[in-house]
Amino acid sequence: MGSKDLIYFDHNATTPVRPEALEAMLPYLREEYANPNSVHSFGQRARRAVERAREQVAALLGAESPSEVIFTSCGSEADVLALWGGAWAERDRTQGAKRRVVTTQIEHEAVLATCRRLARRDFEVVTAGVDGTGRVLPEAVAAAADASAAVVSVMFANNEVGTLQPVAELAAHCRERGVLFHTDAVQAAGKVPLDARGLGADLLSVSGHKLNAPKGVGALYVRKGTRLEAVISGHQEKNRRGGTENVAGIVGFGAAAELALRELEGHARELRALRDRLEAGVSALPGAHRTSRAQERLPGTAHFCFDGVDGHNLVVALDLEGVCVSSGPACSGGMTELSHVLKAMGVPEKLGRGALRVSLGRGCTEAQVDRFLAVLPRALEKLRKAVPA
Ligand code: PLP
């Protein structure tokens, strides 16, 4: 099957690079190869391209100033820099008084693994739970986010089920108590409006490849005046992140960010319409349960659990039909494990094994949704016949 016929419904995993971003990048992969830190005018042209992209990304994030944007190699690095860098800076600043980190059970592994590392270095980590829709319990976060907390990290939107989190409320709580507030907005950027300044977040992570820019570039918004200990040492990014800048990737990220901001409203409307069509069709199938039920959620993410099938096997069966989707959780020994997100939401183990995430994005069409709805019952039937529930 040619990639033309492929139905790509896995945009939360990654997105295609949009042509405008690729075009903007090409000169920096060919003739404009100078190091943006070089003094000569060749280098200064690359510098100007990086600074232009910083403005474009700052606009998407709603930063007050482009200088609040640090480019990183990915969203994971931005998360680690925010948590590790923020936690250590606050601990040092307060001579050890602040050594608590507060997060949630449904964060991305970049956040959760950093929290485990901080716990091994004598930080106290408090992990708040979520309700049945995947929305964090704000009281649980707020109760732990007192003056002894160094950083609170709550994602903007969950990558598996799409639930939007009460970040504005939590950011305000943290601000009043002098606690750094970080939000991982990797899945939200380009899909819902971000307003870092208005939100009152101190730190906010994004990733290029989730919004039609290339892989290998991300950014961390760092509110002016926020102290951060560098994770990768070096003089670039005003000593906050060492390493020669990925100029082409940054330029592509900037171009994609500018277009994402311009198209935000219309894109979200289109995604929502496709998602609603898909959800209505899937929900009508026997043994299908819609897991993504939050009032406030990402426009392009749908999540289901199916009776009597294994999510991993369903992904493979749909792949044979030319459809790319994801079961979300890891697969071990041929059996899908219940994801940490579904577990936190209280989804029963047996049901959660039949999980399927469908994530839509640029290029998805109504005709593709309809083809998906035509092949899905066949795939389910085949699997249920092979392994009776
Ligand atoms: N945070 C969330 C919520 C994500 O979904 C992802 C990627 O799946 C990341 C962080 C990591 O981003 P990257 O792949 O750029 O490291």
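Visitor: What does helix α3 give to the shell around the ligand, and why is it called a helix?

Guide: Helix α3, residues 75-93, gives the most to that shell, with 3 residues, and it is called a helix because it is a DSSP run of type H or I with at least four residues, numbered from the N terminus. This is a predicted model, in which local features need pLDDT of at least 70 and side-chain atom pairs pLDDT 80 or more, while totals for chains, interfaces and linings use all residues. Residues are numbered from 1 along each chain as its sequence is written, and side-chain values use heavy atoms, without hydrogens and water.

Visitor: How many residues surround the ligand, and which are the closest?

Guide: The ligand is surrounded by 13 residues, the closest being Gly75, Ser76, Asp184, Ser207 and Lys210, where near means a heavy atom within 4 Å.

Visitor: Why is the pair between Gln187 and the ligand called a polar contact?

Guide: An N or O atom in the side chain of Gln187 is 2.8 Å from an oxygen atom of the ligand, and this is a polar contact because such a contact is a pair of N or O atoms within 3.5 Å. A backbone N or O atom of Gly75 likewise lies 2.8 Å from a ligand oxygen, and a polar side-chain atom of His209 lies 2.9 Å from one. The protein buries 87% of the 390 Å² that the ligand exposes when taken alone (Shrake-Rupley method, 1.4 Å probe).

Key. Polar contact = N/O pair within 3.5 Å; in protein donor to acceptor, adjacent residues only side chain to side chain. Helix = DSSP H or I, 4+ residues; strand = E, 2+ residues; numbered from the N terminus.
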